[in-house]
Amino acid sequence: MKVFVTGATGFIGSSITDELVRRGHQIVALARSEESALNLKVRGIDVHRGTIDDTQSVLSVLDRVDGVIHAAFNHNFAQYAKNCADDGALLEAMAQALTGSGRPLIATSGTTVVPPGVVSTEDQEGSTKISRSASESFHRFKDQGVRTGTVRLPPSVHGEGDTAFIPAAIAIARRTGVSAYIEDGGNRWPAVHRHDAARLFCDVLERGQSGHRFNAVQDEGIPFRDIAAAIGRGLGVPVRSISKEEAAVQFGWLAMFAAADVPASSELTRERLGWVPREDNLLADLRLPSYFDPSVRALGA
């Protein structure tokens, strides 16, 4: 299969492209810069120049591929709601272009599109009150000849090269000298290794049922106090509980995420696709030096 991949040089997208190559697929990857294009070409991947901000540049390649994995997203949290709306609009445009083709369009969403406090499942609709759910509206095209599928990612997609919430929490603990959790720290985070997430994207591309959502979740819900404890051990700093009032000062922009209770199940994903995570879980990854030693991280260890 010839697969168009957006976000192909990103943290998750690069693992997706590696997995596609291992499975014998051809890849056409979207590249917005010359640096990204060169990175892809060195790996033997065909390049299509364009950007997710230019819808036409994305649509122009669809007539020469057999399927799409859309892994790109603008992570500028200063305009998060707009970025979610833009992502939804791009997916709608791609689905419209693929109408009647029977080809797969696999998108990226988050397990947090379901209201917090209970274990979310794949069959739960995303709440329209949650911005990221805009990335799932394209599923209405499943009845118009598009094989739609969504991979929902948890708050922590971890592994070598991680630059998201866990490294942010580590940086905060290093700067403040304390690895903190809020109140009893019982709020839960799901997690998955990026290579396991990549395998799921490819499974959904190859044999996912149209219109279904799949949860890329290995750890259903790790209490945040356990994550804070792992960070404290890794940095050699004390671990302590703080109040909700102190959280904004301690965590800054990360406070909302540090307080989130968003457990998620992948039971239906495993049942429907036979997907089984193979990599270390998050707490095991946090025993490795790569999360805490910049020199090791620079070497890609």
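User: This is a predicted model, right at the start. What does Asp87 touch, leaving out residues up to four places away in sequence?

Analyst: Asp87 touches His70, Ala72, Phe73, Thr108, Arg132 and Ser135, once residues up to four places away in sequence are set aside. Contact here means heavy atoms within 4.5 Å.

User: What makes the Asp87 and Arg132 pairing a polar contact?

Analyst: The cut-off for a pair of N or O atoms is within 3.5 Å. The side chains of Asp87 and Arg132 come in at 3.3 Å, so the pair counts as a polar contact.

User: Why is Asp87 called buried?

Analyst: Buried means under 20% relative accessible area. Asp87 has 5% relative accessibility, so buried is the right label. As for where Asp87 sits, that's helix H4, residues 80-98.

User: What makes E3 and E10 edge strands?

Analyst: The open sheet has seven strands in the order E3-E2-E1-E4-E5-E6-E10, with parallel pairing. Strand E3 (46-49) and strand E10 (212-215) each pair on one side only, and that makes them the edge strands.

User: How do you know that E2 and E3 pair?

Analyst: Two strands pair if there are at least two bridges between them. Strand E2 (residues 26-31) and E3 have four bridges in the parallel sense, so they qualify. Also, Val28 stands opposite Asp46 in E3.

User: How do you know that the radius of gyration of the protein chain agrees with a compact globule?

Analyst: With 301 residues, a compact globule would be near 19 Å, and the protein chain has 19 Å, so the two agree.

How values were computed
Residues are numbered from 1 along each chain as its sequence is written. This is a predicted model: local features need pLDDT of at least 70, side-chain atom pairs count only at pLDDT 80 or more; totals for chains, interfaces and linings use all residues. Side-chain values use heavy atoms; hydrogens and water are left out. Helices (H or I, at least four residues) and strands (E, at least two) are DSSP runs, numbered from the N terminus. Buried means under 20% relative accessible area, exposed over 50%, partly exposed in between (1.4 Å probe, protein chains only). A polar contact is a pair of N or O atoms within 3.5 Å; within protein, one must be able to donate a hydrogen and the other to accept it, and residues adjacent in sequence count only if both atoms are side-chain atoms. The radius of gyration is taken over C-alpha atoms; the globule rule is 2.2 Å times the number of residues to the power 0.38.
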